[in-house]
Amino acid sequence: MRLKSLVEPVQTGVWGAEPAGDNDDILCVRVADFDRQRLGLKSVETVRSVSEADRATRLLRAGDILLEKSGGTEAKPVGFTVMFDGGYPAVSSNFIGRVRMRDGQHPRFWLYALAASYLTRRTQKCVRQTTGIQNLDQGAFFNEVFAVPTLGEQRAIADYLDRETTRIDTLIEEQQHLIEMLRERRNALRVHVALHGTRQVAEVESPLPWASKIPASWRVVPLTSVAQLESGHTPSRSREDWWTDCYIPWVSLHDVGAMRGTKYLHDTEQRISDAGIANSSARLLPARTVVLSRDATVGRTAIMAVPMATSQHFAAWVCGPLLDPEYLWVLFADAMQPFFDSFQNGSTIRTIGMGDLKAFRIPLPPLDEQRRIVEYLDEETPKIDTLIVETERFIELARERRAALITAAVTGQIDVREMA
């Protein structure tokens with residue numbers, strides 16, 4: 001049967017107005033509230049002012065299926081559905097259509113059936129995109145043909161999937177918690193070794209705000225006493241010849257994404273010419289220079305694998321003989337991140353000024369200890385990273401199993417009576 005014959009007329013939601021603090025205020029479900037794992041809703045917190053007339057035909061009730069009909073992304077196209085379980089008065093936004101099944105149809109079965117349609121990309125052919133926003137062709141969507149089991153069979157399939165998906169979801173949540181713990185363990189390991197070394201020794205109070213104690217044999221020094229501080233510049237964009245067919249890597253904000261968890265930066269999104277450097281304040285810095293983003297994503301860091309220049313959004317340190325660049329990178333990437341966070345005030349991010357950069361102080365272990373720290377972390381960190389990757393793969397397989405199970409159950413490939 002065609003889906004349109006199984007549902008009541010679909011009701012588009014309403015966005016209403018800003019809340020006024022009166023009886024017209026009501027919770028409004030947005031697509032951002034969709035729990036895509038459990039096919040339900042997360043905490044709904046958006047309040048809008050919706051008149052009695054506008055909410056009269058739009059109030060949600062338990063068992064309503066909510067369909068994303070506008071919005072979407074390439075990775076998450078429109079057509080996704082979740083269920084409203086009730087318990088509080090609410091409407092949905094105008095990007096959502098309320099789907100209410102007719103008498104004789106089990107809403108949770110159809111929630112799973114529509115989920116299977118989405119997971120198998122059957123709904124993809126109903127997506128229309130002429131501008132930046134996706135829209136669902138509801139005529140095509142509700143004209144799709146579905147096999148319709150009896151109400152008893154629908155209920156049995158839904159009950160089976162409720163049980164089995166809950167088991168899988170619980171397992172996925174446990175694995176996600178494991179990943180969180182592994183990441184915390186990874187960070188704690190790297191910070192501890194960076195600030196305490198590879199051997200247990202006598203320690204003293206640290207004068208640094210981001211390190212409580214350090215080994216007694218280590219010194220705390222101004223970073224500029226062991227590394228040369230450099231800054232960058234952007235050559236004139238009006239000179240296309242300084243930016244076309246160039247060969248000198250130029251570190252800019254376009255590269256901060258590539259720096260995430262990366263020790264060595266081998267290439268950059270943009271390059272400049274010799275003339276661009278000669279006619280600006282930019283300098284070609286040697287390989288193994290340590291760069292640090294000063295604004296936007298404050299604290300993102302990497303080591304230049306080859307000679308590079310930088311934009312003014314980065315500070316750079318050319319390490320002297322007493323400081324190993326890889327140890328400085330560990331300090332920046334791990335131990336000093338809480339310090340860099342202090343340069344961000346809520347949603348406002350300010351630049352780390354040259355005065356602040358010149359005032360940086362660091363713990364300075366003996367050079368051989370710096371290298372032992374780097375070698376130890378290079379050996380131990382990948383072990384934790386491997387566990388994280390393996391756990392992420394397990395979660396991916398569990399989600400694939402969940403999707404396959406839903407599809408098989410709603411299409412009759414599984415006799416759920418044998419699973420009861």
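Buried means under 20% relative accessible area, exposed over 50%, and partly exposed in between, with a 1.4 Å probe and protein chains only. The model is predicted, so local features need pLDDT of at least 70 and side-chain atom pairs count only at pLDDT 80 or more, while totals for chains, interfaces and linings use all residues. Residues are numbered from 1 along each chain as its sequence is written, and side-chain values use heavy atoms, with hydrogens and water left out.

**Exercise 1. Salt bridges**

Task: Find the salt bridges of R239, R186 and D368, and describe the exposure of the residues in each pair.

Solution.

Step 1. A salt bridge is a side-chain nitrogen of Lys or Arg within 4 Å of a carboxyl oxygen of Asp or Glu. The structure holds 27 of them.

Step 2. R239 pairs with D241 at 2.9 Å, N to O. R239 is partly exposed at 38% relative accessibility, and D241 is partly exposed at 43%.

Step 3. R186 pairs with D385 at 2.7 Å, N to O. R186 belongs to helix α4 (residues 151-196) and D385 to helix α9, so this salt bridge ties together parts that are 199 residues apart in sequence. Helices here are DSSP runs of H or I with at least four residues, strands are runs of E with at least two, and both are numbered from the N terminus. R186 is partly exposed at 24%, and D385 is partly exposed at 28%.

Step 4. D368 pairs with R372 at 3.6 Å, N to O. Both lie in helix α9, four residues apart, which means about one helical turn separates them. The relative accessibility of D368 is 46%, partly exposed; that of R372 is 29%, also partly exposed.

Step 5. A network of salt bridges links K263, R288, D324, E326, R371 and D378.

**Exercise 2. Two crossing helices**

Task: Describe how helix α6 and helix α9 cross, and list the residues that meet.

Solution.

Step 1. Two packed helices are described by the angle between their axes and the distance between the axes. Axes are lines fitted to C-alpha atoms, for helices over the stretch in contact, and angles run from 0 to 180 degrees between N-to-C directions.

Step 2. The axes of α6 (residues 325-335) and α9 (residues 367-410) come within 8 Å and cross at roughly 65 degrees.

Step 3. The crossing of α6 and α9 is left-handed, meaning that the near helix is turned anticlockwise from the far one by less than a right angle; a clockwise turn would be right-handed.

Step 4. Contact means heavy atoms within 4.5 Å. From α6, the residues E326, Y327 and V330 meet Q370, I373, V374, L377 and D378 of α9.

Step 5. Sorted by class, this contact has five nonpolar, one polar and two charged residues. Ala, Val, Leu, Ile, Met, Phe, Trp, Tyr, Cys and Pro count as nonpolar, Asp, Glu, Lys and Arg as charged, and the others, Gly among them, as polar.

**Exercise 3. A three-stranded sheet**

Task: Work out the strand order of the sheet that contains β2, and the pairing on each side of β2.

Solution.

Step 1. Two strands pair if DSSP finds at least two bridges between them.

Step 2. β2 (residues 25-29) pairs with β5 (residues 47-49) in the antiparallel sense over three bridges. The bridge partner of L27 in β5 is V47.

Step 3. β2 pairs with β9 (residues 90-92) in the parallel sense, over three bridges. In β9, A90 stands opposite L27 and V91 opposite C28.

Step 4. The resulting open sheet has the order β5-β2-β9 with mixed pairing. β5 and β9 stand at the edges with a single partner strand each, so one side of each is left without a neighbour in the sheet. Neighbouring strands are turned by 50 degrees against each other on average, direction ignored.

**Exercise 4. The surroundings of P249**

Task: Is P249 buried or exposed, and which residues is P249 in contact with?

Solution.

Step 1. P249 lies in strand β17 (residues 248-251).

Step 2. P249 is buried, at 8% relative accessibility.

Step 3. Leaving aside neighbours within four places in sequence, P249 is in contact with T268, Q270, R271, V306, P307, M308 and A309.

Step 4. P249 and A309 are 60 residues apart in sequence, and their C-alpha atoms are 6.4 Å apart in space.
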